[in-house]
Amino acid sequence: MTELPNSTDRKMGLVIDLDTCVGCHACVISCKGWNTENYGAPLSDQNPYGGDPSGTFLNRVHSYEVQPANGHAQLIHFPKSCLHCEDAPCVTVCPTGASYKRAEDGIVLVNEDHCIGCGLCAWSCPYGARELDLAEGVMKKCTLCVDRIYNENLPEVDRIPSCVRTCPAGARHFGDLGDPGSDVSKLVAERGGMDLMPEMGTKPVNKYLPPRPKDQIEEQIDILAPLLAPVAEEPQGFMGWLDKALDKLPGGAN
Amino acid sequence: MHPAPSVIIFTTLSGLGFGLLFFLGLGQPAVTGTVAFVFYAIAFGLACGGLLASTFHLGHPERAWRAFTQWKTSWLSREGVCAVGALIVMGLYALGAVFMDSYWTLLGWIGAALSLATVFTTSMIYTQLKTIPRWNMELTPAIFLSFSLAGGALLAGAESVAPWLLAIAGAVQLAYWAKGDKALETSGTNLGTATGLGDRGAVRAFEPPHTGSNYLLREFVHVVGRKHAQKLRMVAFILGFALPLLLILTPVQGFVIKHVFAALAVLSHLAGVATSRWLFFAQAEHVVGLYYGKR
């Protein structure tokens, strides 16, 4: 049913560290790799080797430039996937009941056998977390790797979402954000974890850790530089004569 | 938003069809027999044709029956329930008018209410979306309802109310455009809130996630044709409201010429509403575009 649960026992989700993410897109690839051959329909590509390739992805990494009023611009890599919102508009708009939020762990999923592919859930999502698979005609979204996190056939170390397992920078964390004592909740409290588009009232479970403040670059950071400065700004002696002589040749000084 | 032809055809035709059913349900025009059959055929043709068109954009139309189940939360589901309810009730009412020469008034009123409710629920599918500020306004249901009533009155030949309803629909249209143009700006959503980085400085989309396009960009970021928006607004307003008003207010004599003028008014109105509906989609900015530095 597309009624949202009043509360969920746990709030499983991701914490993404914008300070640490290096923008390597490994999470994008591992997500596609795992999810194209496990839960639900494959993540199809259209014209993958042609002139206008496109395909279904559940996780994409943007890059943004932030220019403060004073100081240098900063580049921030920004992975984005389903935020498993507490007040998920994508669930309540669904006409068929295919879209639902689980009461036990808060994961938002699509029952692909009931999805009619109307696309309204994707319209209602401010984050672009849902993509209609063109080959299958059903809505695809991040499942928080529901087929990994409880999968007892996998070694315990692998029972986390594929993107988290893969991230070489340790920029992605997985856990119960409903439990204030969990590692992820502590991380969010410590680093001032934030919501995306809080004005939309979706109450996202996933949190983003803002970049830490950067060191200020001083005027002179290289102590050897003064010793390597040119001795004479204007060439003297033979070099001075050569410089002037060359200037006089056709073509002139520039 | 991508102006999908199926959705434009659906909202335009079914809006007109249910508008006509509303007036027929109220006994306007009071017709029976063959004339009633023609009126109901037009109304059902428009309403059902529109509903059928709306299934063309589904990934799995064969599962469409499931869309009647979630009326508790989903406006799309409520629309389906209301539409089928309106068609069944008005179908029974039409049987009375066409074959039995009788008006089952109460049934007609229920059918009229359901017809209007269908148009309202359609409008709420768009109005509920906070992600599209240009649709998330009270004027959106006003647009759908006033267009449907004006078109219905035109088709029903309700000469006393049609000019007023056309004028109201035209005014609502102008108000919608004026307010809609400021909707995204006043919504408070921008790349700063989208990334949560806005309090650090000016945020700019530096690099998209991929070099090609994707579903999100095709569906939500439609920029082609927006440059002609002002011209198309003129076309929509003149064809949709000004010209039909002129045609039905022109005093003409004779049965044939009167019907020709009325038919022209309906066709002009239909073309105007379709243009307006195209703009309704093409000009709507989804906030997900912000993540891509687009709108």
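# A chat about chains A and B

User: Which residue is the bridge partner of Val61(A) in strand 5 of chain A?
Analyst: In strand 5 of chain A, Val61(A) has Pro79(A) as its bridge partner. Bear in mind that this is a predicted model.

User: How many bridges join strand 4 of chain A to strand 5 of chain A?
Analyst: Eight bridges join them, and the two strands run antiparallel. Strand 4 of chain A covers residues 59–67. Arg60(A) is part of the picture too: Lys80(A) in strand 5 of chain A stands opposite Arg60(A).

User: And in the hairpin of those two, which residue takes a positive phi?
Analyst: Gly71(A) does, with a phi near 100°. The hairpin of strand 4 and strand 5 of chain A has six residues between the strands.

User: What is the order of the open sheet with antiparallel pairing?
Analyst: The order is 5(A)-4(A)-1(B), so to speak a three-strand open sheet with members from chain A and chain B. The edge strands are strand 5 (74–81) of chain A and strand 1 (202–207) of chain B, and each pairs on one side only. On average, neighbouring strands in this sheet are turned by 35° against each other, direction ignored.

User: How many bridges join strand 4 of chain A to strand 1 of chain B?
Analyst: Five, with the strands running antiparallel. At this pairing, Glu65(A) stands opposite Arg204(B), a residue in strand 1 of chain B.

User: Which helix lies across strand 4 and strand 5 of chain A?
Analyst: Helix 1 of chain A, residues 26–35. Helix 1 runs at about 165° to strand 4 of chain A.

User: Staying with the contact, how many residues does each of chain A and chain B give?
Analyst: Chain B gives 45 residues and chain A gives 51. On the chain B side, helix 3 (75–99), helix 8 (191–195), strand 1, helix 9 (215–220) and helix 12 (288–291) each supply at least two residues.

User: Which of them has the largest share of the side of chain B that touches chain A?
Analyst: Strand 1 of chain B, with six residues.

User: New topic. What is the pairing in the sheet with the order 10-1-11 in chain A?
Analyst: The pairing is mixed, in an open sheet of three strands. Strand 10 (172–176) and strand 11 (207–209) of chain A each have a single partner strand, so one side of each lacks a neighbour in the sheet. The average turn between neighbouring strands here is 25°, direction ignored.

User: How many bridges do strand 1 and strand 10 of chain A pair over?
Analyst: Five, in the antiparallel sense. Strand 1 of chain A spans residues 12–17. In strand 10 of chain A, His173(A) is the bridge partner of Val15(A).

User: Which helix lies across strand 1, strand 10 and strand 11 of chain A?
Analyst: Helix 6 of chain A, residues 183–191. The angle between helix 6 and strand 10 of chain A is about 120°.

User: Chain B has a helix 6 as well. How many residues are in helix 6 of chain B?
Analyst: Helix 6 of chain B has 19 residues, numbered 162–180. From first C-alpha to last, helix 6 reaches 26 Å, close to the expected 27 Å.

User: Which residues of helix 6 of chain B are buried?
Analyst: Among them are Leu165(B), Leu166(B), Tyr176(B) and Trp177(B). The buried residues cover an arc of only 140° around the axis, so they sit on the same side of helix 6 of chain B. The face turned away from that buried side carries the exposed residues Leu174(B) and Ala178(B).

User: What covers the buried residues of helix 6 of chain B?
Analyst: The cover includes helix 5 (139–156), helix 7 (183–187), helix 10 (229–249) and helix 11 (255–282) of chain B.

User: Now whole chains. How many helices and strands are there in chain A?
Analyst: Eight helices and eleven strands. The radius of gyration of chain A is 26 Å, well over the 18 Å from the globule rule for 254 residues, so chain A is more spread out than a compact globule. Its C-alpha atoms fill a box of roughly 90 × 50 × 40 Å along the principal axes.

User: And how many helices and strands are there in chain B?
Analyst: Twelve helices and one strand. Chain B has a radius of gyration of 21 Å, which agrees with the value near 19 Å for a compact globule of 295 residues. The C-alpha box of chain B is roughly 70 × 45 × 30 Å along the principal axes.

User: What share of the residues in chain B is buried?
Analyst: In chain B, 48% of the 295 residues count as buried. For chain A, buried residues make up 44% of 254.

How values were computed: Residues are numbered from 1 along each chain as its sequence is written. Chains are lettered from A and ligands numbered from 1 in the order in which they are written. This is a predicted model: local features need pLDDT of at least 70, side-chain atom pairs count only at pLDDT 80 or more; totals for chains, interfaces and linings use all residues. Two strands pair if DSSP finds at least two bridges between them. Helices (H or I, at least four residues) and strands (E, at least two) are DSSP runs, numbered from the N terminus. Axes are lines fitted to C-alpha atoms, for helices over the stretch in contact, and angles run from 0 to 180 degrees between N-to-C directions. Two residues are in contact if their C-beta atoms, placed from the backbone, lie within 7 Å. The expected span of a helix is 1.5 Å times one less than its number of residues. A residue is buried if 20 or more other C-beta atoms lie within 10 Å of its own, exposed if 12 or fewer, and partly exposed in between; C-beta atoms are placed from the backbone. The arc is that of the directions from the helix axis to the C-beta atoms. The radius of gyration is taken over C-alpha atoms; the globule rule is 2.2 Å times the number of residues to the power 0.38.
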